[in-house]
Amino acid sequence: MHVLSQRKLAWGILAEPVDVDVTASRLASRREIAGEIAARIDAAVRAGHLPAQDTALAATALLGALHESLVGPLAPDNMEDHGRLRDAVQTVTLLALRAVGVMDARARGLVVQAVLPAKALVGA
């Protein structure tokens with residue numbers, strides 16, 4: 001939620017051109033996040049909850065989808081509205097679950113309607 005409360009700042013850190021070369025730092029950060037996602041997909045595959053797949057590639061694709069759809073310049077407008085934000089997060093969550101092989105995420109209770117905090121804490 002922290003990233004979503006500061007979308008412009010997050011996108012600036014992720015992709016905006018800057019005077020100094022931060023490419024290596026950005027790539028390291030993305031690799032670390034993708035690695036965490038891959039580890040979770042890997043664990044679900046090993047436990048038999050997901051079909052066998054290239055978890056590193058799936059994680060990288062999901063990371064790109066999350067960045068572009070929730071943080072980047074293509075993200076929906078009016079994300080300050082908690083209802084729109086909740087709907088956008090739920091839609092992307094369903095997309096991510098389906099992408100890795102969970103076809104009935106709603107029926108299995110993996111995606112639920114949740115109340116977002118009234119005020120997201122930045123940096124907490």
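Contact here means that heavy atoms lie within 4.5 Å of each other. Keep that in mind for the views below, which show a predicted model.

**View 1. L50 and the residues around it.** Who does L50 touch, once its neighbours within four places in sequence are set aside? The list is I41, A44, V45, V100, G101 and V102. L50 also belongs to the largest nonpolar core, where it is among the residues that touch the most other members.

**View 2. The largest nonpolar core.** This core has 14 residues. Besides L50, the members that touch the most others are I37, I41, A59, L62 and V100. Three helices give two or more residues each: α3 (23–46), α4 and α5 (82–99). Which of them gives the most? That's α3, with five residues. Now look away from this core and you'll find another one, of six residues, set apart from it. L70, M79, L85 and A88 are among its members.

**View 3. Where α3 meets α4.** Here the two helix axes are 8 Å apart, and the helices pack at an angle of about 125°. α3 and α4 are therefore oblique to each other. As for handedness, α3 passes α4 in a right-handed crossing. On the α3 side, look for R30, I33, A34, I37, A38, I41, D42 and V45. Facing them from α4 are T55, A56, A58, A59, T60, L62, L63 and H67. You've already met I37, I41, A59 and L62 in the largest core.

**View 4. Where α4 meets α5.** This pair packs at about 165°, with axes 11 Å apart. That angle is over 145 degrees, so α4 is roughly antiparallel to α5. Again the crossing is right-handed as α4 passes α5. From α4 come L62, A65, L66, S69 and L70, and they meet A88, V89, V92, L95, A96 and A99 in α5. L70 and A88 turn up in the six-residue core too.

**View 5. Stepping back to the whole chain.** Helices or strands? The protein has five helices and zero strands, so to speak an α-α-α-α-α pattern when you read along the sequence. It has 124 residues, and 28% of them count as buried. Among contacts between residues at least 6 apart in sequence, 52% join residues at least 24 apart.

**View 6. How confident the prediction is.** The average pLDDT is 78, and 68% of the residues score at least 70. Where is confidence lowest, and where highest? Helix α1 (residues 2–5) is at the bottom with a mean of 54, while helix α4 (residues 55–71) is at the top with 91.

Notes: Residues are numbered from 1 along each chain as its sequence is written. This is a predicted model: local features need pLDDT of at least 70, side-chain atom pairs count only at pLDDT 80 or more; totals for chains, interfaces and linings use all residues. Side-chain values use heavy atoms; hydrogens and water are left out. pLDDT is the predictor's confidence in each residue, from 0 to 100. Helices (H or I, at least four residues) and strands (E, at least two) are DSSP runs, numbered from the N terminus. A nonpolar core is a set of buried Ala, Val, Leu, Ile, Met, Phe, Trp, Tyr and Cys residues joined through side-chain atoms within 4.5 Å. Buried means under 20% relative accessible area, exposed over 50%, partly exposed in between (1.4 Å probe, protein chains only). Axes are lines fitted to C-alpha atoms, for helices over the stretch in contact, and angles run from 0 to 180 degrees between N-to-C directions. Angles under 35 degrees count as roughly parallel, over 145 as roughly antiparallel, 65 to 115 as roughly perpendicular and the rest as oblique. A crossing is left-handed if the near helix is turned anticlockwise from the far one by less than a right angle, and right-handed if clockwise.
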